[in-house]
Amino acid sequence: MLGAELAAARAAEQRHVASGPSPIGAARYGPGAWHLWRWTESTVDDTIAAFVRSFVAATTEQRSTLPACLTMDDLYTILTFAKRRALAAIRSGDGAAVAEAFDAISSIDITRVDWRDVAMGALLAAGAARYTGSSAPAAAAGALARVGRDLAELITDAVEANELDLAAACGLRVVETPDGRVLFGDEGEPCASEHDLVPIVLALAKDLESEGTYAVHDVGVARSLPAVWLAAPAGSPTARALERLTGCAKVNGEPVPGSGFAAFSHLLMTWVAEAPTAEDAALIASAAAEVRHEATVVLGEHADRLVAVLVARSTWAGTPCIEDQQSLERFRPLLSRALRET
């Protein structure tokens, strides 16, 4: 059921017959350009921006045929551009970038993508407006004037949700970093830790990528450190220690592109949390060493009240994890440095 929308979009794409050559050619974003937890420059932005401008300037008749020339991959490239323009607006305060995000979304055929991805892009664009001093309804007005009913409903719902903050609307939090504003995932719980976990997880994300095996695709604020990844049965001292955590953040990655592994077939998930006592942190870290499963390997490290739990796992049934307890030890120095250099 979770993949029903995307499956329907793929079926529509298979039935689709392009009416002409793609107006964006072979333009595709490189690895990492779609991540919102950091900003990556890309010349693909220029290509997609030119297409969006031509789409907006086209006649009504031309706009009715242009989307038919786009492949499903093209549509997702344009959607990535829309999200990047929203992030650019949040970083720069440029209201024109918000309108550009909505304009890009207006060119998308929502029957050939997962409509939830489009809704997320529209929510992000609407939420970005408040960081520019511009009005979300005004920024979306041009797009709404040129789209059909279904897409208009998605955009309108997003504009109306602008009364909510980004965390409530689409599970994202604007975070200030030395490199400018970025977007963290946000599971909906405030981070009440005394330690600032943001620089810790940002430094850890960079270190994990520098190791070379994994690419980080998500950094964010977590509701909790899930007991399912530890030897922590309900009511146990470790489970109670997990319930007492005062803050938690996460870093998620997968094998780098070109590694030979299918997307999301293997994951590297790391939680950094603050416990109320050093004893709780040590208890949680030690519980990691007790996990034994062919598809999951866990590593724990702590420093005073801070604890990090790193989980490597296979997501395919019957497929062993690409890591084992010995290989995972190469990440211990990274966890230790992240926890101690705060």
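Biologist: Let's start in the middle: how many residues of β4 are buried?

Modeller: In this predicted model, 9 of the 9 residues of β4 are buried, so the strand is largely enclosed by the rest of the structure. Buried here means under 20% relative accessible area.

Biologist: Which strands pair with β4, and in what sense?

Modeller: The general idea comes first. Strands of a sheet pair through backbone hydrogen bonds, and the pairing can be parallel or antiparallel. In this case, β4 (residues 247–255) is antiparallel to β3 (residues 214–221), with 7 bridges between them. On to β5: 7 bridges join β4 to this strand, and the two run antiparallel.

Biologist: Nice. Which residues could I pick out to see the register between β3 and β4?

Modeller: Try Tyr 214, which stands opposite Pro 255 in β4. Then look at Ala 215, whose bridge partner in β4 is Glu 254. For the pairing with β5, select Gly 247: its bridge partner there is Glu 274.

Biologist: And what order do the strands of the whole sheet have?

Modeller: The sheet is open, has 7 strands and mixed pairing, and reads β1-β2-β3-β4-β5-β7-β6. Its edge strands are β1 (172–177) and β6 (296–303), each of which pairs on one side only. From one strand to the next, the twist averages 30°.

Biologist: Which strands does helix α14 lie across?

Modeller: Helix α14 (residues 332–340) lies across β5 (266–274), β6 and β7 (306–314). If you compare directions, α14 runs at about 35° to β6.

Terms used: Residues are numbered from 1 along each chain as its sequence is written. This is a predicted model: local features need pLDDT of at least 70, side-chain atom pairs count only at pLDDT 80 or more; totals for chains, interfaces and linings use all residues. Side-chain values use heavy atoms; hydrogens and water are left out. Two strands pair if DSSP finds at least two bridges between them. Helices (H or I, at least four residues) and strands (E, at least two) are DSSP runs, numbered from the N terminus. Axes are lines fitted to C-alpha atoms, for helices over the stretch in contact, and angles run from 0 to 180 degrees between N-to-C directions. Contact means heavy atoms within 4.5 Å. Buried means under 20% relative accessible area, exposed over 50%, partly exposed in between (1.4 Å probe, protein chains only).
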